[in-house]
Amino acid sequence: MFDFIINKHKYRHIHFIGIGGISMSGLAEIMLNEGYVVSGSDHKESIITKKLENNGAKIYNSHSADNLRGVDLVVYTDAINIENEELKAAIKLKIDIIDRASFLGALMKNYDTSIAISGTHGKTTTTSMVTEIIKNLNSNPTILLGGQLDDINGNVKIGDKKLFLTEACEYKANVLKYFPTTAVVLNIDEDHLDYFDNIEHIIKTFKGFVNNLNSNDKLILNLDDENSRMLLNDKRENVITFSTKSPANYNAKNIIYSLDGYPSYDLYYNEKFIGNVELSIMGNHNVSNSLAAIAASVENGVSFKDAINGIKIYKGVHRRLEYKGKYNGAIIEDDYAHHPTEIKASLNALKNSCKGSLYCIFQPHTFTRTKLLLDSFSKSFNNADVVIITDIYAAREKDYGDIHSKTLCDAINSNGGNAFYLKNFSDVCEYLKKNLKENDMAVTMGAGDVYKIGEALLEDK
């Protein structure tokens with residue numbers, strides 16, 4: 001097993017292949033702060049890579065064996081394959097190499113307390129909620145986010161060694177490489193089927209994650225999620241549960257919504273009323289996320305009062321039901337949802353506050369996900385009045401021609417939807433300019449670059 005004790009080993013110069021990634025950049029920033037020489041490569045220059053460069057990292061905009069001069073440890077992302085020039089060079093030069101998840105798991109052990117937020121959906125939002133709760137408390141936490149949060153000026157907060165907060169992604173069974181003192185499982189759903197065989201394989205992976213916990217570590221579970229309930233084990237102590245429906249340690253009762261679609265609820269702990277919780281973001285799914293955030297915080301020493309105040313202050317993370325502006329009186333939103341369950345939840349939240357027609361501009365993310373979850377996707381857009389589908393965002397995959405966005409449109413329409421395909425972002429912008437009216441709402445949705453449509457529309461108003 002790979003071990004990494006900060007400043008107590010042979011490594012001094014760490015190179016990150018794919019340093020511009022949201023998690024990789026956070027790890028690189030932590031290493032910079034600890035005094036390491038940090039370099040990294042990424043094909044795309046970004047705000048993230050520029051920030052790292054300003055903080056002292058050496059950034060290369062191409063992959064080359066020459067980038068490894070003086071390097072004694074290479075960290076690489078899941079998107080990097082064995083044919084990568086730098087990875088091959090590192091192997092040839094016998095430089096130590098480690099994948100991102102294993103490095104993160106080893107880094108986690110440097111902290112007295114570590115909280116890992118896992119689950120198919122809601123990780124970034126819930127981790128951001130916990131961040132809002134704990135960021136100004138005496139603990140001075142170190143935090144890694146999978147998104148950009150304004151209140152910490154990005155995706156990472158550097159603190160001391162007492163508390164470490166991070167997301168725990170299940171892709172390629174990465175959760176098996178994490179060893180937190182508190183593990184949160186928000187939900188378990190069918191996704192990443194380019195790696196996992198089926199839902200049973202995914203559940204088995206989460207069981208392995210839970211089995212990493214020591215007897216005195218804490219497991220926080222969502223009782224409303226059928227697959228998460230399968231992780232319950234009578235032999236395990238320190239299991240904390242939350243629910244909006246069933247008796248649990250943390251319960252949300254009497255949920256109501258404001259005219260803007262923001263929920264509030266009565267918080268109960270072990271059937272005892274604690275207080276009223278107000279959210280400043282939309283969605284019933286975020287009631288569940290807030291319960292998980294409160295539980296993770298309180299179980300690690302935060303008062304209920306501070307936890308409730310943090311939830312109220314939390315205004316959301318970028319690309320999660322993010323308000324972007326107005327065009328001709330229509331509200332423009334952006335959302336990262338790229339899975340059927342997430343699409344349903346986000347559109348339901350938006351529909352509750354939309355006073356006109358709801359337009360959804362969806363960019364499918366990866367060919368595998370679109371193909372294998374096609375039936376579920378086809379039933380996810382019922383709350384949208386108009387659905388515009390753009391080309392599939394390939395991400396890490398190749399197009400083998402066996403799935404197309406037009407196929408998704410046909411599937412949506414066969415289930416009573418109103419979907420059509422537009423290839424070019426510019427055509428989507430022109431359509432919206434002609435059709436958006438006062439009180440309408442348009443949401444760009446997907447994990448790729450679909451957000452550029454809303455930005456272009458607002459720049460042209």
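A charge is taken to sit over a ring if NZ of Lys or CZ of Arg is within 6 Å of the ring centre and within 35 degrees of the ring normal. With that criterion in mind, the tour of this predicted model opens at a lysine that meets it.

**Stop 1: Lys253 and its two partners**

Select Lys253 together with Tyr268. The charged end of Lys253 sits over the ring of Tyr268, at 4.4 Å from the ring centre. Now add Glu271 to the selection. The side chain of Lys253 also meets that of Glu271 in a salt bridge, with an N to O distance of 3.2 Å. Lys253 belongs to strand β13 (residues 250-257), while Glu271 is found in the loop between β14 (263-269) and β15 (272-278), so this salt bridge ties together parts that lie 18 residues apart in sequence. Display the surface to examine how accessible the two residues are. Lys253 is partly exposed, at a relative accessible area of 29%, and Glu271 is likewise partly exposed, at 46%.

A second charge over a ring can be seen by selecting Arg320 and Tyr336. Here Arg320 lies over the face of Tyr336, 4.1 Å from the ring centre.

**Stop 2: a network of salt bridges**

Select Glu322, Lys324 and Glu455 next; salt bridges link these residues in a network. Within it, how far apart are the closest N and O atoms of Lys324 and Glu455? They are 3.8 Å apart, and the two residues form a salt bridge. This pair links distant parts of the chain, with Lys324 in strand β16 (residues 322-327) and Glu455 in helix α15 (residues 451-459), 131 residues apart. Lys324 counts as partly exposed at 28% relative accessibility, and Glu455 is partly exposed with a relative accessible area of 30%.

**Stop 3: Lys423 and Asp391**

Move to Lys423 and Asp391, whose side chains meet in a salt bridge at 2.9 Å, N to O. Lys423 lies in the loop between β20 (419-421) and α14 (425-435), and Asp391 in the loop between β19 (386-389) and α13 (405-414), so the contact ties together parts 32 residues apart in sequence. Asp391 counts as partly exposed, at 24% relative accessibility. Across the model, the count of salt bridges comes to 22.

**Stop 4: Thr390 and its surroundings**

From Asp391, turn to Thr390, which lies in the loop between β19 and α13. Is Thr390 buried or exposed? Thr390 is buried, with a relative accessible area of 0%. Show the residues that Thr390 touches, leaving aside those up to four places away in sequence: Ile361, Phe362, Gln363, Pro364, Ser405, Tyr421, Leu422, Phe425, Val428 and Ile453.

**Stop 5: aromatic pairs**

Among the contacts of Thr390 is Phe362, which leads to the aromatic rings. The model holds 17 aromatic pairs. In one of them, the ring centres of Phe362 and Phe377 are 5.8 Å apart and the planes stand at 40 degrees, so the pair is tilted. The two residues come from distant parts of the chain: Phe362 from strand β18 (residues 358-362) and Phe377 from helix α12 (residues 374-378), 15 residues apart. Phe362 counts as buried at 0% relative accessibility, and Phe377 is buried too, at 1%.

For a cluster of rings, select Phe2, Phe4, Tyr11, Phe16, Tyr36 and Phe103, which are linked by ring pairs.

**Stop 6: the open parallel sheet**

Phe16, a member of that ring cluster, falls within strand β1 (residues 13-17). Switch to a cartoon view and follow the sheet of which β1 is part. The sheet is open, with five strands in the order β3-β2-β1-β4-β5 and parallel pairing. Its edges are formed by β3 (58-60) and β5 (96-99), each of which has a single partner strand, so one side of each is left without a neighbour in the sheet. From one strand to the next, the twist averages 20 degrees.

Two pairings of β1 merit a view at residue level:

- β1 pairs with β4 (residues 73-76) in the parallel sense over four bridges; Ile14 stands opposite Leu73 in β4.
- β1 pairs with β2 in the parallel sense over five bridges; the bridge partner of His13 in β2 is Val37.

Finally, select strand β2 (residues 37-41) itself. Four of its five residues are buried, so β2 is largely enclosed by the rest of the structure.

How values were computed: Residues numbered from 1 in each chain as written. Predicted model: local features only at pLDDT ≥ 70, side-chain atom pairs only at ≥ 80, totals over all residues. Heavy atoms only, no water. Salt bridge = Lys/Arg side-chain N within 4 Å of Asp/Glu carboxyl O. Buried < 20%, exposed > 50% of the residue type's maximum accessible area, 1.4 Å probe, protein only. Phe/Tyr/Trp six-rings, centres within 6.5 Å; stacked < 30°, edge-to-face > 60°. Pairing = 2+ DSSP bridges. Axes fitted to C-alpha atoms, helices over the stretch in contact; angles between N-to-C directions. Contact = heavy atoms within 4.5 Å.
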